[in-house]
Amino acid sequence: MRKLVATVTPIYKRELSIDEQISLRHLRQVLGAHDRIIIAPEGLHIDFPDFEIRRFREADFKSIQSYNRLMLSKRFYSAFYDYEYILIYLFFIDIFSSIF
């Protein structure tokens, strides 16, 4: 049976800025009841114990164009088939509440 919703946060670099760290903390506070998934390049060493990490090819994160191709690909969305909905959480957005 498919789960209802997950947040999906792209991270492509090892160190997050202060603003990105605050955004991630906000995600935990507001949407913490939902599954939280980070997508990252295969070779990137990151540690977020309260997130599941799903890996994609390093080439998918090399440029804006390759990242956009990933985000429009069947391969990307197939990786989240176990969810009815996903929210792609980018660091510059604000979420104030959850309706799920």
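This passage describes aromatic pairs, charges placed over rings, the largest pocket and selected residues in a predicted model.

The aromatic side chains are considered first. A pair of aromatic rings is described by the distance of the centres and the angle of the planes. On this basis five aromatic pairs were counted. One of them joins Phe56 and Phe76, whose ring centres lie 5.6 Å apart and whose planes make an angle of 35 degrees, so that the arrangement is classed as tilted, the class for planes that are neither under 30 degrees nor over 60 degrees apart. This pair connects distant parts of the chain, since Phe56 belongs to strand 3 (residues 52-56) and Phe76 to helix 3 (residues 74-78), with the two positions 20 residues apart in sequence. Phe56 has a relative accessible area of 5% and is therefore buried, and Phe76, with a relative accessible area of 0%, is likewise assigned as buried. Phe76 also pairs with Tyr77, in this case edge-to-face, with 4.8 Å from centre to centre and 90 degrees between the planes. Tyr77 itself is partly exposed, because its relative accessible area is 41%, a value that falls between the limits of 20% for buried and 50% for exposed residues. Together, Phe56, Phe76, Tyr77 and Phe80 make up one aromatic cluster.

Members of this cluster also appear among the contacts of Ile86, a residue of strand 4 (residues 83-88). When residues up to four places away in sequence are not counted, Ile86 touches Phe76, Tyr77 and Phe80, and in addition Ala6 and Val8. Ile86 has a relative accessibility of 25% and therefore counts as partly exposed. The C-alpha atoms of Ile86 and Ile37 are 9.7 Å apart in space, although 49 residues separate the two in sequence.

Two arginine residues are placed over aromatic rings. Arg2 lies over the face of Tyr81, at 4.6 Å from the ring centre, while the charged end of Arg36 is positioned over the ring of Phe51, at 5.2 Å from the centre of that ring.

With regard to open space, the largest pocket has a volume of about 330 Å³. Its lining consists of Pro10, Tyr12, Glu20, Phe61, Ser63, Ile64, Tyr67, Asn68, Leu90, Phe91 and Phe92. In terms of residue character, this lining comprises eight nonpolar residues, two polar residues and one charged residue. Helix 2 makes the greatest contribution to the lining, with three residues.

Tyr67, one of the lining residues, is located in helix 2. Not counting residues up to four places away in sequence, Tyr67 is in contact with Pro10, Asp60, Phe61 and Leu90; of these, Pro10, Phe61 and Leu90 are also listed in the lining of the largest pocket. Between Tyr67 and Pro10 the C-alpha separation is 9.8 Å, with the two residues lying 57 positions apart along the chain.

Helix 2, which spans residues 64-71, also contains Ser66. The relative accessible area of Ser66 is 7%, and this residue is therefore buried, the limit for that class being 20%. Beyond residues up to four places away in sequence, Ser66 touches Ala59, Asp60 and Phe61. Asp60 and Phe61 are thus contacted by Ser66 as well as by Tyr67.

Terms used
Residues numbered from 1 in each chain as written. Predicted model: local features only at pLDDT ≥ 70, side-chain atom pairs only at ≥ 80, totals over all residues. Heavy atoms only, no water. Helix = DSSP H or I, 4+ residues; strand = E, 2+ residues; numbered from the N terminus. Buried < 20%, exposed > 50% of the residue type's maximum accessible area, 1.4 Å probe, protein only. Contact = heavy atoms within 4.5 Å. Phe/Tyr/Trp six-rings, centres within 6.5 Å; stacked < 30°, edge-to-face > 60°. Lys NZ or Arg CZ within 6 Å of the ring centre and 35° of its normal. 1 Å grid on protein atoms, 1.4 Å probe; cavity = no way out; pocket = protein on both sides within 12 Å on 5 of 7 lines; lining within 4 Å. Points joined across faces, edges and corners; volume = space filled by probe spheres on them. Nonpolar A, V, L, I, M, F, W, Y, C, P; charged D, E, K, R; others polar.
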